[in-house]
Each structure stands twice: as structure tokens, then as C-alpha cells.
Amino acid sequence: MTSSKLTRRGFCALSLSLVSLALSGCPSSSSGGGGTGSGGTGSVPGVLRYPIATEPSTLDPHRAQDGPTIDLLQNAHMGLVGWNDKTEVTPLAAKEMPKVSADGRVYTFTLREGLTFHNGRAVTADDVLYSLTRALDPKLASPVAVTYLDDIQGAKELAAGKATELTGVKVIGKSTIEITLVASRPYFLGKFTYPTAYILAKEEIEKGPTLPSGAKTIGSENAALVGCGAFRLTNYTPQKSLTLEANKEWVLGAPKLTKIERPIILDTKTARLQYDSGLVDIIALEKGDYEKDKTDPKYAGQVQTFNRASTYYVGMNQKAYAPFKNAKVRQAFACATNKAEIKKGVLLDVNTAAECIVPEGMPGYDANFKGYLYDEAKAKALLAEAGFPDGKGLPPLTLCFRQQQPDIVKTAQVLKEQWSKIGIPVELREMEYASLIKAMDNDEIVYFHRWGADYPDPQNYLSLLLTTTGAENHVGYSNPAYDALCAQADVETDSKKRLEMYAKAQRMVVDDAAWIPIYYQRDMELIKTHVTGLKDGLLGHLPLVTVEVK
């Protein structure tokens, strides 16, 4: 997942004009909740008011690739499988986990009885075939479908326009579907939880807006009836809010909420103001407020922290900055990076400094693993060996990062200061979120960003992000020995052997300094005490079906 899940940020004092903006942007149904001042507990029973920190990039799950959008859409849609609060794959639209052939290539799923779309029609195996085929249709031009569905036989050919059918998916009966993979893939079910595998109603897709390619997609006119999830997306006012209403006929049981309101609040200060006014129920908590709020009686029971399978890193893009083609230059940057200073000065020791590519909590993470230690003298020596003594001859490097996110902005500023000490000329560029993601996808920039795991397997990091042909390799790193090791690990069915192979690969890529891991994500949130039943896993909050607001 190239982009960030709902970012967790906080509050500063606001001008009167910003206060007015904040209040005018509140959904009307929230205004009746009543604020009670700082730390207010005003609620709207049955309604969860949960800000989204960016404009959704799409309402079409087959095209979604950023965390905030996925966090929204997972409540309106579902696939055959999903996650539970132990970060284990669990059946959703499927009535049970699939039967898997002895060679690990064929997965047979059976749909739940009584499963219907929001328009009332029963979901069938034909809908699964249609949805997977649609996601890979080259006209839809999904930026992520091949990444998450390429293990299915015929997927790459369909996406490339070389075939018109998805040969690896067969309808066996009204409720049974068989999926054949190109080879054994131990991590397949994890990838299959991604929104590219969500099941959509064809007749509702056809009512939606048309893309320039001619493909139909999902807009406000057809979003309410196209899915089969626990909630229906009934209203979307761009730059203001989204509303989801409970699907009382949901096959797994009606949600405890009647409605979810998602006000679009781009500014972290505005979000905090609304929280303290009792107008929203959950917000991200900024590091600067964490120490104060956790000991303030007004916020007793409201400060919560969540570990995430996510690594913030510097993407040393060799296509955007030619000196990075020299490993010694990349290694010099790594040695000039003082992670301990960032951990303490920016992150207030809340986060863990990152050494591994694979984040803590995931298989493949090693707490004893060490990358390049901060060593200014070694960094200077490496630069000199690369032909740039004291940085002379290096072109200016522009480090790009997401705007209006205090932790990210402050970290970028510290990185600039640290690198400048060895003579590296650095310019900083804050970018609007969608523009940043587009530039990363196009391999145009050197960036400080994060990768949040889509499934808890080292393959989602080491193979997907850093092999030569990895679909999300946006740094231009290429090492045939590394590629071969990852390819072996990707198909190994013995879990111990797999992890040993990935461990060797991780050592190799860290030594090559393809990335500079900076820190692992730990989310902090303020959650009103009248909100209960929230379930969470390493990959983020789960669909909000068990949440109650009293």
C-alpha cells in the first residue's frame, strides 16, 4: 500500500477564521450531539463521527490504493476473505476458508447463503468472476490490480490486453468458484483480502460514471447499491463529508451502528477543535499533545495507541537522483542519518527507530537486526570514495513528502539538517497527498513516505517493493542475487526456510541502502469513551460492524 492509512495527528491553537471554517464544515446531523468544551463527550447515539484526513481518491475499490480511501471503502464492500483482530485471514463472503489442493495452486471457495448486494440481489459465483475480471480489465487501468491479483493464472495476460478471459477463475456452481494460481503462493490469501478482490454488482457498475477509457466506474450516483458490505455509502459531498448507513440485511448480522459520518478534515488542527467541541468521536493525536493529554484527567480513557505493520523510510530513487546509482552515495546518506535524534526529538520516543525493512510485529522482523549506524565520519569517507568529497559535485537533492503532517514535516527538516553536515545539498518539497502518490508511482521523486503492509508477510515488502520487477519498486533498485533469493522464498512452503531466505535478502538490501528505514508507525488516537467495540489489527481498524456509540 503505497500510501498512508488514516494519519494520526493533533491540535494547535486556531485563529477565529479557522474556528468558523471548522464549525461550518460539520455534518448537520452531528450538530445535535452537543459539545461540552475541551474533552467534551457529546455524542449522537448510534452514529460514529469519524473524520477522514484526505479527499477519497476514488469510490471504486478496484482502483483504490491509498489507506484513507481503503479505510472508508472496507465498510461498504467485502471480498471472499478479510482480516480479524489477530491479523489472521478469515472468511467474509466465503462461508469458510477455501479448500486448497495438495500442490497449493487451486483454491475452492463457497459463498455464504443469504449473501446479497445492497440492491437486494443475491451474490453468486458469477459475480466473483465478473469482479476479478473487471479489476484486471486494461480499460479500467487499475494501478494496483496486477500487484494483488497477479498470482491468478491468466491475470497478467488479461491486464496486458493479451486475453479477454481470466482463465484461472472458474465458476463451478451458483455458489462455488475455483481459483487456480500460476504456482504455489503461501501468501496468496493475504493478498486476496485487498480491495481489488471485492465483489461488485455488474448492473450497478453499468449505472456509474464513464472513465475516458470507456470503462464504467463508481461515483456518488451508484455507490449506494454496488457493494455487499456492512454499510452502504449513501452520500458524498466532495470537500465536506461522506455518510454510510448500516446494511441491516448484512449476511453476518446488522452492524450495531445506524450510521457512520466521515467529515473530510484535511487540517489536523481543525480535527482537534471538533473533537474538543464534542462534534467528532475519533481523531488522530499529535505527538506534541500526547504527553499532555495522557495525564490530563479530562481525557482519561480517551488516549489510545495502536502498533502498525508500517515502515517510514526514505526512498532512494535512482531514477530521480542519478548519484544514487552509486551504492557508496546511498550508504553515505544512511550513515549520515541519525535515527535516534529523530526518535527522541520528533517522535518523543513513542515510535521505534527502524532497522529492518520489515516492520515490527510481522514475520521477518528481527529486533536484533542492525543496519547502518549513525557515523558522520564514515558518511564523509563514503562520499569521498564515490567521487564527491565534502559533497562537492553533488547536484541538489529534492526530498518530497506529504504536506500538513507535523511528524513527517519535522522528520524531513531533521533529515535535511543531518545530511547537510556532510555537504549534501538538500531542498524540501511538501506535496499534496494525491500529487505525491502520483509522482511516486511514476518514479519521479526521492521521497520520505511509508509503506503499510497489506498482508503480514515479508513478501509484501521485500519482493513487492525491492525486486527488479517488483510492482511497487519506485526506487530503481536492481540486484539479480537479491531477486533470485526473493523468488525462492516466495514459493517456499516451509515457513522456517522461507523466513531464513527473506532474512538473507533483507540483510542484502539494507547493506545496499536501497532504502533508509527511519521508524515504525505507531498510531495514537483520541477516542471518546462513549465509543466502544472498536476492533483493530496490525493493518489498521477493522470494518466498524462491532462499534457502538451511546
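**Note on the strands and helix packing of a predicted model**

1. In the hairpin formed by E8 and E9, where three residues lie between the strands, Gln239 adopts a positive phi near 70°. Strand E8 (residues 231–237) runs antiparallel to strand E9 (residues 241–246), and six bridges hold the pairing; Phe231 has Ala246 in E9 as its bridge partner. Strands (E, at least two residues) and helices (H or I, at least four) are DSSP runs numbered from the N terminus, and two strands count as paired if DSSP finds at least two bridges between them.

2. The model is predicted, so local features need pLDDT of at least 70 and side-chain atom pairs count only at pLDDT 80 or more, while totals for chains, interfaces and linings use all residues. Residues are numbered from 1 along each chain as its sequence is written, and side-chain values use heavy atoms, with hydrogens and water left out. For the protein, the mean pLDDT (the predictor's confidence in each residue, from 0 to 100) is 91, and 93% of the residues reach 70 or more. Over residues 1–39, however, pLDDT stays under 50, and for this stretch the model has 125 contacts (heavy atoms within 4.5 Å) beyond four places in sequence.

3. An open sheet of four strands follows the order E4-E5-E7-E6 with antiparallel pairing, and its edges are strand E4 (99–100) and strand E6 (169–171), each of which pairs on one side only. Within this sheet, strand E5 (residues 106–110) and strand E7 (residues 176–180) run antiparallel and are joined by five bridges, with Glu178 in E7 as the bridge partner of Thr108.

4. Another open sheet has six strands in the order E11-E16-E12-E15-E13-E14, and its pairing is mixed. Strand E11 (282–284) and strand E14 (426–431) are at the edges with a single partner strand each, so one side of each has no neighbour in the sheet. Direction ignored, neighbouring strands of this sheet are turned by 30° against each other on average. Strand E13 (residues 397–402) pairs with strand E15 (residues 446–452) in the parallel sense over two bridges, and Leu399 has Val446 in E15 as its bridge partner.

5. Helix H8 (residues 268–276) packs on this six-stranded sheet, where it touches E11 and strand E16 (515–527), and its direction makes about 150° with that of E11. Helix H14 (residues 433–441) lies across E13, E14 and E15 and runs at about 95° to E15. Angles run from 0 to 180 degrees between N-to-C directions, and axes are lines fitted to C-alpha atoms, for helices over the stretch in contact.

6. Helix H10 (residues 327–335) packs with helix H12 (residues 376–385) at an angle of about 165°, their axes being 8 Å apart; the two are therefore roughly antiparallel (over 145 degrees). The contact involves Lys328, Gln331, Ala332 and Cys335 of H10 together with Glu376, Lys378, Ala379, Leu382, Leu383 and Glu385 of H12.

7. Helix H15 (residues 459–466) and helix H16 (residues 480–491) pack at about 140°, with their axes 10 Å apart, which makes H15 oblique to H16, a class for angles that are not under 35, over 145 or from 65 to 115 degrees. In this packing, Gln459, Leu462, Ser463 and Leu466 of H15 meet Tyr482, Cys486 and Asp490 of H16.
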